[in-house]
Structures are given as C-alpha cells and as structure tokens.
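Colleague: I have the model open and I'd like a close look at one part of it, the place where two helices pack. Could you walk me through that, and then set it against the strands elsewhere?

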Amino acid sequence: MDNEVSAPESAKTAIYFDGASSRKRIVALTFAVALEIREAGELIATWPYESVRRAESPPGLLRATSETALPLARLEVRDRELAVELVKHCLKFDDQTVGARGIGRIIGWSFAALASIVSLVMFGVPYAAERLTPLIPQSVERRIGEATDKQVKLLFGEKTCSDPKGQAAFLKLVTALRTGMGLDASVDAAVLGSEIPNAIALPGGKIYLFNGLLAKADSPDEIAGVLAHELGHVRNRDSMRNMIYTGGTSFLIGLLFGDISGSGAIIFATRTLLNASHSRDVENSADTVTVDLMHKLGRSPKPMGELLYRVTGNQGDKSLSILASHPLSEERLARMTREDRQPTGAPILTDEEWAALKAICAASK
Ligand SMILES: [Zn+2]
C-alpha cells in the first residue's frame with residue numbers, strides 16, 4: 001500500500017522521467033524564462049523552450065523531450081490546457097527549422113485555432129477537422145487554395161479554357177449563381193480543359209468545371225445546378241475540412257510552420273480531395289444549395305440530377321471523376337425530381353451563349 005501516497009493527478013500536473021532512472025515523478029510545470037519542472041515544489045529540471053521537442057505518443061497523451069536533457073528524459077502531459085500551454089511556449093516543438101516566419105504565423109492564428117491543433121494531436125483528426133475548419137482565417141485558406149490549384153494543374157497537365165465568347169457566357173452564369181447566393185467576387189470559377197467528367201471546389205473558393213462534364217451537358221440548367229452545388233461546398237468550407245481530414249497532422253503542422261506549396265502533405269491532400277467521397281450529409285447540404293438557388297432563379301434543379309445520373313451510366317473508370325466525390329446519383333435524381341418546378345425565370349443563358357460555353361475549350365485543342 002505504500003505507493004498510495006502519489007499526488008492526485010490534478011489539472012496542472014505532468015509525469016516526468018529524468019532519463020536516468022525509470023521512476024515516474026509527478027511534477028508541476030512553470031512557464032518562466034524557461035520551462036521549469038518541479039516535484040513537490042522543488043525545482044528538479046529546467047528546459048529551455050527552444051530545446052523542447054515532440055516525442056512519439058499514444059492518442060490523448062502529449063510527450064516531450066529536451067535536446068538539453070538526457071536522451072531518455074521525458075515529460076508526459078494528459079491535461080489539454082497544460083498541453084496547449086506547453087506547445088504554445090515551445091516554438092520548435094514540431095519543426096526543426098522554424099524561424100521568424102513561423103513565429104509570425106502562429107501569432108496570426110487565434111488561440112482557439114492553436115488549441116484545436118493540439119486537440120487534433122491528442123484526440124484525433126475527425127474531431128479536430130470539425131472544430132478547426134471554422135477557425136482557419138480566410139487568408140490562410142486562400143493560400144492553401146493557391147497551392148492546391150497548382151497541384152490540380154500539375155495533376156491534369158491542362159490549362160483553363162479561355163475562348164472569349166465562351167468565357168463571357170461562363171462568367172455570366174457563375175455571376176448569376178454567385179450573386180444569387182450572396183457570395184462575393186473572391187469566388188473564382190474556370191473551365192479546365194480535361195476530358196474527365198468532373199467539377200471540384202478547392203479551398204479558398206476556386207471552382208473548376210471540367211470540360212468532360214460540360215461536353216455531356218444538354219442545357220445551361222444542368223451546369224448551373226452543378227456549379228450551385230460546388231458553390232455550396234465553397235460556402236460550407238467542405239474542401240478545407242476534407243483536406244484537414246485527409247492531410248492530418250503533418251498537413252496542419254506544415255500549415256502552421258512552413259511553406260506548404262510543394263510539400264508532400266499538400267500533394268497527398270490534393271489527390272485525396274479529388275478522389276475522396278464527401279459524406280452523405282455534406283453532399284445533401286450542397287444539394288440543398290442547388291435546390292434553393294435554382295428555385296430562387298426560377299429554374300428547376302432536376303436537370304442537374306439528370307446530368308449526374310447520365311454521367312454515372314456510361315462512366316467506367318470512376319477515379320478522378322465527379323462520381324468518386326459525388327456518389328448517390330440515384331438518390332440525388334429522386335430528390336431533384338421532387339423539387340422539379342416549371343421555369344418561371346428567364347433562361348440563365350441564351351441559346352447563343354450556351355453554344356459559346358459548350359465551345360469554350362474548342363480553341364485550346
Ligand atoms: Zn459535392
């Protein structure tokens with residue numbers, strides 16, 4: 001019974017191993033000029049903040065070592081607030097080469113965002129992706145979007161189509177949808193000269209309609225409905241959440257500390273973004289945007305359901321196509337059919353404009 005004397009694990013204690021013995025010591029951490037480790041009030045170790053590094057640990061536990069301590073010396077923190085406090089002080093915790101830029105970037109983030117990153121490390125990615133996404137500054141999301149955009153273009157090796165008449169028609173269509181939703185001009189859409197039938201929304205508000213999907217469309221309403229759905233993903237920040245979810249810890253650490261544009265994390269996350277399914281809930285709420293917006297414009301959402309259903313029918317390889325990220329085409333068509341309305345608004349594009357849009361990539365071939 002003589003081990004019963006160990007102090008209760010109050011909110012602010014951590015476990016310390018001195019690296020020389022295997023004795024587990026209950027300590028308090030003080031954030032002074034350096035990190036002070038005290039056992040029963042007595043100072044037993046001092047770690048300079050810049051010497052503290054993360055060590056491998058199971059979920060729910062933050063483990064730290066110091067470059068100035070014995071190799072096996074370590075701290076184990078289970079308390080979330082204390083873990084956040086520790087990571088906040090130790091600017092080299094996850095990165096060997098963090099400089100002034102990294103520090104500046106951290107200051108740009110809210111404390112809540114930083115706390116969520118710690119929660120990601122300790123409680124797992126799905127939880128953190130949900131909590132963190134709304135806290136990411138728009139400027140950061142836009143930067144991620146630009147990096148993703150480069151990857152998309154590398155991946156498809158194609159340029160955006162820019163036939164002037166087609167471009168004018170496309171801009172008219174996108175502007176009608178965007179203003180109908182009350183989104184500002186930072187939303188940017190383009191037609192990508194790829195034969196794959198797809199449409200994607202990137203973090204930061206960039207939307208790509210692939211020419212392969214445009215080629216299969218029979219009316220402006222079909223494409224309008226697809227673009228409305230993608231605008232829904234933009235408004236709900238679904239791609240950002242998806243990237244955090246799939247990119248995980250390394251993506252976030254890169255986001256905080258480094259230049260993400262060429263990093264393996266963003267390449268991985270972009271590929272996953274193109275292939276991963278959105279959840280049923282996420283898809284349904286993007287479809288709700290299509291239904292509401294098409295009704296608002298006096299048009300029917302049904303053609304969009306028909307287009308995606310049609311594409312499903314004759315698409316063998318589903319990878320990288322809209323089907324990979326947008327399953328449920330039968331269910332969607334059923335819903336869009338229920339929401340079908342006789343058009344009361346003017347066509348979004350004239351026949352001439354629609355013909356120009358269909359030919360937007362003709363000159364690029
Ligand atoms: Zn979708």
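Modeller: Here is the helix pair, followed by the strands and a few overall figures.

Keep in mind that this is a predicted model. The two helices to find are α6, residues 164-181, and α8, residues 220-236. Their axes come within 10 Å and cross at roughly 45°. Angles under 35 degrees would count as roughly parallel and 65 to 115 as roughly perpendicular, so α6 ends up oblique to α8. As for the hand, the crossing of α6 and α8 is right-handed.

Now for the residues that do the touching. On the α6 side, click on L173, V174, L177, R178 and M181. Facing them from α8 are P220, I223, A224, L227, A228, L231 and R235. Sort that contact by class and you get ten nonpolar residues, two charged ones and no polar ones. In case you want the background, two packed helices are described by the angle between their axes and the distance between the axes.

Next, the strands. β8, β10 and β9 make up an open sheet of three strands, in the order β8-β10-β9, with mixed pairing. β8 (188-192) and β9 (199-201) are the edge strands; each has a single partner strand, so one side of each has no neighbour in the sheet. On average, neighbouring strands here are turned by 15° against each other, ignoring direction. β8 and β10 (residues 206-210) run parallel and are joined by five bridges. If you want a spot to zoom in on, L192 sits opposite F210 of β10.

For another piece of strand pairing, go to β5 (residues 52-55) and β6 (residues 62-66), which pair in the antiparallel sense over four bridges. One pair to look up there is V52 with its bridge partner in β6, S66. β5 and β6 form a hairpin, with six residues between the two strands. In the turn, G60 has a positive phi of about 85°. More broadly, strands of a sheet pair through backbone hydrogen bonds, either parallel or antiparallel.

Finally, zoom out to the whole protein. Its secondary structure comes to 15 helices and ten strands. Of its 365 residues, 41% are buried. Looking at contacts between residues at least 6 apart in sequence, 64% join residues at least 24 apart.

Note on methods
Residues are numbered from 1 along each chain as its sequence is written. This is a predicted model: local features need pLDDT of at least 70, side-chain atom pairs count only at pLDDT 80 or more; totals for chains, interfaces and linings use all residues. Two strands pair if DSSP finds at least two bridges between them. Axes are lines fitted to C-alpha atoms, for helices over the stretch in contact, and angles run from 0 to 180 degrees between N-to-C directions. Angles under 35 degrees count as roughly parallel, over 145 as roughly antiparallel, 65 to 115 as roughly perpendicular and the rest as oblique. A crossing is left-handed if the near helix is turned anticlockwise from the far one by less than a right angle, and right-handed if clockwise. Two residues are in contact if their C-beta atoms, placed from the backbone, lie within 7 Å. Ala, Val, Leu, Ile, Met, Phe, Trp, Tyr, Cys and Pro count as nonpolar, Asp, Glu, Lys and Arg as charged, and the others, Gly among them, as polar. A residue is buried if 20 or more other C-beta atoms lie within 10 Å of its own, exposed if 12 or fewer, and partly exposed in between; C-beta atoms are placed from the backbone.
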